[in-house]
Amino acid sequence: MKIFCVGRNYVAHAAELGNEVPDEPVIFMKPKSALLQPHAPFYYPEFTNELHYECELVIRICKNGKYIPEKFAGKYYDAITAGIDFTARDIQNDLKEKGLPWERAKAWDNSAVLGEWVNLDTVKNKDDINFCLYKNKELVQQGNSGLMIHPFDEIVAYISNYFSINIGDVIFTGTPAGVGEVVVGDILEAFVEDDSMFEMEIK
Ligand code: ZN
């Protein structure tokens with residue numbers, strides 16, 4: 001299983017981190033060991049002092065493929081949820097400044113959180129999906145798939161030009177504005193439309 005992630009896929013988020021909006025999707029990966037197992041506790045990592053949540057829509061690949069044309073890409077994913085791309089922002093800023101790879105900031109154990117999968121058949125319009133994140137019951141992030149710079153089909157097609165995609169792979173499709181810090185004791189809850197996808201505590 002592979003975990004792909006898209007960076008800078010919402011204009012307002014790229015702006016809040018002072019990044020320019022790229023023409024092509026920014027792709028990075030997390031290893032399988034980055035996945036927080038369902039119902040496992042999440043512990044604040046000791047190597048960071050600035051842990052950020054990034055709530056994102058995540059799609060699940062249902063068909064193996066390579067060099068997938070964008071017009072057929074919709075057949076390659078069948079489920080959606082919300083997830084968190086946890087980021088050690090202090091480490092990422094340091095690595096970005098030096099032009100180094102991001103893995104130590106983003107690919108560590110348990111840095112990828114996934115909610116319950118929702119079958120895409122039940123979604124009316126995949127280009128108009130609302131999602132949001134609450135921190136301690138307060139709304140902190142709100143997004144809609146229609147605001148993505150690179151929509152789902154384009155991302156799947158683009159990734160498949162470089163990596164074969166396989167059943168069970170997942171793609172974090174980027175975070176909207178409103179990323180921020182968490183501390184021990186915080187509770188995060190993510191929604192797709194009106195349905196809660198997961199609730200978790202930072203331990
Ligand atoms: Zn992200």
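How many bridges join E1 to strand E2 (residues 26–30)? In this predicted model, in which local features need pLDDT of at least 70, side-chain atom pairs count only at pLDDT 80 or more and totals for chains, interfaces and linings use all residues, E1 is joined to E2 by five bridges, and the two strands run antiparallel. Residues are numbered from 1 along each chain as its sequence is written, and side-chain values use heavy atoms, with hydrogens and water left out. Strands are DSSP runs (E, at least two residues) numbered from the N terminus, and two of them are said to pair if DSSP finds at least two bridges between them.

Strand E1 (residues 3–7) also pairs with strand E11 (residues 170–172), here in the parallel sense and over three bridges. Phe4 stands opposite Met29 in E2 and opposite Ile171 in E11. Five of the five residues of E1 are buried (under 20% relative accessible area, with exposed meaning over 50% and partly exposed in between, for a 1.4 Å probe and protein chains only), so the strand is largely enclosed by the rest of the structure. In a regular strand the side chains alternate between the two faces of the sheet. In E1, Ile3, Cys5 and Gly7 point one way, whereas Phe4 and Val6 point the other way.

A second group of strands forms an open sheet of four in the order E10-E9-E13-E14, with antiparallel pairing. Strand E10 (138–144) and strand E14 (195–201) are its edge strands, each pairing on one side only. Neighbouring strands of this sheet are turned by 15° against each other on average, direction ignored, where axes are lines fitted to C-alpha atoms and angles run from 0 to 180 degrees between N-to-C directions. Within the sheet, E9 (residues 130–135) is joined to E10 by six bridges, with Gly143 of E10 as the bridge partner of Phe131, and E9 pairs with E13 (residues 187–192) over five bridges, with Ala190 of E13 as the bridge partner of Leu133. The hairpin of E9 and E10 has two residues between the strands, and Asn136 takes a positive phi near 50° there.

The largest pocket (an open set of points on a 1 Å grid over the protein atoms alone, where a 1.4 Å probe fits, with protein on both sides within 12 Å along at least five of seven lines) has a volume, taken as the space filled by probe spheres set on the points, of about 450 Å³. Of the 19 residues that line this pocket (those with an atom within 4 Å of a point), the closest to its centre are Gln37, Pro38, His39, Leu114 and Phe198. E14 gives the most to this lining, with five residues, and strand E7 (112–114) supplies at least two. The second largest pocket holds about 270 Å³ of space, and its lining residues include Ile80, Val118, Asp128, Val192 and Met197.

The protein donors of the zinc ion (N, O and S atoms within 2.8 Å of the metal, or 3.2 Å for Na, K and Ca) are Glu54 (OE), Glu56 (OE) and Asp85 (OD), lying 1.9 to 2.1 Å from the ion. Because water is not among the atoms, sites may look incomplete. Glu54, in the loop between strand E3 (51–53) and strand E4 (55–61), and Asp85, in strand E5 (residues 77–85), are 31 residues apart and link distant parts of the chain. Both Glu54 and Asp85 are buried.
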